[in-house]
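Subject: Structure for your review

Dear colleague,

Please find below the structure that I am handing over to you. I would be grateful if you could read the notes beneath it with the structure open.

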Amino acid sequence: MTADSRPDRPRNPGHGPARADRPAHPVVLGQNQYGKAENRVVRITRDGHTHHIKDLSVSVALSGDMEEVHYSGSNANVLPTDTTKNTVFAFAKEHGIASAEEFGIHLARHFVSSQEPIHRARIRIEEYAWERIVTSGGSRGAGGDGGPGHSFVRKGQETRVSQITYDGERWQVVSGLKDLTVLNSTDSEFWGYVKDGYTTLKEAYDRILATDVSARWRYGWTSDEDPVPDWNTSYEQARTHILQAFAETYSLSLQQTLCHMGSRVIGHRDEIDEIRFSLPNNHHFLVDLEPFGLKNDNEVYFAADRPYGLIEATVLREGAEPEIPVDLTNL
């Protein structure tokens, strides 16, 4: 094959386009970011016959001096998304995964400090919990054969989430949970509401209150100069206070319950300055059993999954400014 007969090669391979082909119309590039989403990484730590598991979905979003890749297609400032994926797996080996927050901090610091064009990194993590299977002998520990130490069942109560953002100077860590389903079979009422020509809902003085808790809380920690929170303890305690407040509140509205849940967390966890909830009202309607000659004394309900009420609000420590995006939790 002669030089003249070779297939056309890309213009300026590896050096970007020959000219900056800006849009013909006067436009300005707005906010932009790129990265690799939902990198599933499972890290097994082996302690003899006892193994420990961390199961994460990690999404990386990077932003900075990225105008030219949009305007002209020059990739000179672009770290490939495949590289960000590889970094997630390599860091799982090099740093381990003590917590979602700590792992995200390692990643965000690396991308911002190692790549000059990258000014901001946002790491979003979902963590899927596992618990050990109890064997017929009733043991959760590692036996002589190592069986109980490496067998797990996926926990289905909730998913732990975290978002770590770093711009080279300031950190923002927003953690939380989603899909934590809770229900009170009594101690809930709903009455005294506005009624108009379209209102058919009957007032309730003893009802089921159920919801799937989606919560995000923001830590006051923003600088490497400050003490780092104990991420795992903070998560477990925040979750406990949410559940206790839900169970201990005699509810006249889901809004009231939400406020009590947020207040309990802020009041007991000094490291948390803000918490935002998205709470669907999972309606349970009493079934009319009169056609069958039966009395339904708050015993049989129809659980409706759609449509549902959706209650959302932020609870702040006094003097704190709201920073959690309102669309981070809503549906």
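The notes that follow describe the sheet, the helices that pack on it, and one asparagine.

Please bear in mind that this is a predicted model.

The sheet is open and consists of eight strands, arranged in the order E1-E2-E3-E6-E7-E8-E9-E12 with antiparallel pairing. Its edges are strand E1 (39–47) and strand E12 (309–316), each of which pairs on one side only. From one strand to the next, the twist averages 20°.

Two helices pack on this sheet. Helix H4 (residues 231–248) touches strand E6 (159–166), strand E7 (171–184), strand E8 (209–219) and strand E9 (272–281). The direction of H4 makes about 35° with that of E7. Helix H5 (residues 254–268) is in touch with E8, E9 and E12, and its direction makes about 155° with that of E9.

Within the sheet, strand E2 (residues 50–64) and strand E3 (residues 118–128) run antiparallel and are joined by 10 bridges. Val60, for instance, has Ile123 in E3 as its bridge partner.

I would also draw your attention to Asn296, in the loop between strand E10 (284–286) and strand E11 (301–303). Asn296 has a relative accessible area of 17%, which is under the 20% cut-off, and therefore counts as buried. A polar atom of the Asn296 side chain lies 2.8 Å from the backbone oxygen of Val287. For the backbone oxygen of Val300, the distance to a polar atom of the Asn296 side chain is 2.8 Å. Leaving aside neighbours within four places in sequence, Asn296 is in contact with Leu286, Val287 and Leu289.

Yours sincerely,
A colleague

Note on methods. Residues are numbered from 1 along each chain as its sequence is written. This is a predicted model: local features need pLDDT of at least 70, side-chain atom pairs count only at pLDDT 80 or more; totals for chains, interfaces and linings use all residues. Side-chain values use heavy atoms; hydrogens and water are left out. Two strands pair if DSSP finds at least two bridges between them. Helices (H or I, at least four residues) and strands (E, at least two) are DSSP runs, numbered from the N terminus. Axes are lines fitted to C-alpha atoms, for helices over the stretch in contact, and angles run from 0 to 180 degrees between N-to-C directions. Contact means heavy atoms within 4.5 Å. Buried means under 20% relative accessible area, exposed over 50%, partly exposed in between (1.4 Å probe, protein chains only). A polar contact is a pair of N or O atoms within 3.5 Å; within protein, one must be able to donate a hydrogen and the other to accept it, and residues adjacent in sequence count only if both atoms are side-chain atoms.
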